[in-house]
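Please study the structure shown below and work through the exercises that follow. Each task is followed by a solution in steps.

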Amino acid sequence: MKTIPLDLIESPRDTRERPLRDLRISVIDRCNFRCPYCMPEDQFADDAVFLSKRDRLRFEEIERIARAFVRLGVRKLRLTGGEPLLRRELPELVRMLRAIPDVEDLAMTTNGVLLPRFAPALRDAGLMRLTVSLDTLDPATFRRLSGGRGEVEEVLAGIAAAESAGFDRLKINTVVMRGVNDEQVVELVERFRNSGHVVRFIEYMDVGNMNQWQGSLVVPSAELIERISARWPLRPVQRHYRGEVAERYEFSDGAGEIGFISSVSQPFCGDCSRARLSADGKMYTCLFARDGHDLRLPLRAGASDEQLVELIRARWTGRGDRYSELRSELREHAAGRKIEMFTMGG
Ligand SMILES: C[S@@+](CC[C@H](N)C(=O)[O-])C[C@H]1O[C@@H](n2cnc3c(N)ncnc32)[C@H](O)[C@@H]1O
Ligand code: SF4
């Protein structure tokens, strides 16, 4: 393979002129929840087949791949899964990633249940930001939305543990489904107003195939914004940076901020600068991808850093994905099954 010295490598652009800036790293495909919109219980019983330990990337392998991405312009890393805290040594990986020069942001998304055990070690290891998923404060709805595997009090204890460990301005991710938890949105807003944390409402997406997605269950962000601002007036805030997924709003009374991620009603493919790495080392260039590019095989076969960088660059420069913008067309005609969200990292 022809190689280019690392110091001569330029940050690549894809076929739509989008740079590569973010990498989401799924460290495990297993989860202690069975959220119906992600990993429905009826298809993932306890004996479901997940990756073996051997098939998962080791931390040293994740770090090497992450370094290659950083060479190509990535500045933000996010650990996710499955449930990332099911890898018990995760703080060690955080420490390794934090030591990579040029990483400006290192974050993690978790369902929060294991935070009481891990939050201090994650903080010590250098994790910069935390996103905790929480879909409702209602105990019965929470049980339903965790597939009967969790209690809302456990997540609230996780949030409290994160606060005590020194994480402030958490992001709280809430997937909204019509007729399931959309009536409980106002209660969530009320709970986190004035807390310094930012609740972000996510439109229920047609990721993967197993959640039996139906468009009728999506609550468009515009509807939620209207509902919330009838109670607490909101005004829009500038995006922090190009490619930021959430539309930001602040309460007019100064009680903080909330966000809306509207990938279904207002697709934002035009600015998407994200790549994803699955726990078994496949690179994906879109959340709705149907295939990935194996980096584990060359890595384990002895590829050099330069060769890894080139493989990633080639994949990125060939990227043309814009699934959300073409959703209805692609849902009807595209062949092949989409990769599940817990596989490639949400
Ligand atoms: C796949 S999870 C992985 C991390 C961790 N287990 C968690 O739940 O936070 C990452 C995020 O994706 C969101 N998510 C999963 N399936 C989704 C769907 N169908 N539509 C919208 N968001 C989804 C989850 O709510 C979560 O905030
Ligand atoms: S959304 Fe997160 S917590 Fe829920 S099943 Fe998927 S990976 Fe697990």
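**Exercise 1.** In this predicted model, determine which residues of α3 are exposed and which are buried.

*Solution.* Begin with the exposed side of the helix: R117 and D124 are exposed in α3. Next, turn to the other side of α3 (residues 115–125), where L115, F118, A119, L122 and A125 are buried. These buried residues lie on the same side of α3 because they cover an arc of only 140° around the axis. The spacing follows a general rule: an α-helix has 3.6 residues a turn, so residues three or four places apart point the same way. Then identify the partners: the buried residues of α3 pack against α2 (90–98), β3 (105–110), β4 (129–133) and α5 (152–165). Finally, inspect the residue that follows α3, namely G126, which has a positive phi near 110°.

**Exercise 2.** Describe how α1 and α9 meet.

*Solution.* First consider the axes: those of α1 (residues 59–71) and α9 (residues 305–317) come within 9 Å and cross at roughly 65°. The crossing is right-handed. Next, list the contact: R64, I65, A68, F69 and R71 of α1 meet D305, L308, V309 and I312 of α9. By type, these residues comprise 6 nonpolar, no polar and 3 charged.

**Exercise 3.** Identify the edge strands of the open sheet and the strands that α1 and α2 lie across.

*Solution.* The open sheet has 12 strands with mixed pairing. Its edge strands, β7 (234–237) and β12 (293–294), each pair on one side only. Helix α1 lies across β1 (22–26), β10 (274–277) and β11 (282–284). Helix α2 lies across β1, β2 and β3, running at about 170° to β2.

Methods. Residues numbered from 1 in each chain as written. Chains lettered and ligands numbered in written order. Predicted model: local features only at pLDDT ≥ 70, side-chain atom pairs only at ≥ 80, totals over all residues. Heavy atoms only, no water. Buried < 20%, exposed > 50% of the residue type's maximum accessible area, 1.4 Å probe, protein only. Helix = DSSP H or I, 4+ residues; strand = E, 2+ residues; numbered from the N terminus. Arc of directions from axis to C-beta. Contact = heavy atoms within 4.5 Å. Axes fitted to C-alpha atoms, helices over the stretch in contact; angles between N-to-C directions. Left-handed = near helix turned anticlockwise from the far one by under 90°. Nonpolar A, V, L, I, M, F, W, Y, C, P; charged D, E, K, R; others polar. Pairing = 2+ DSSP bridges.
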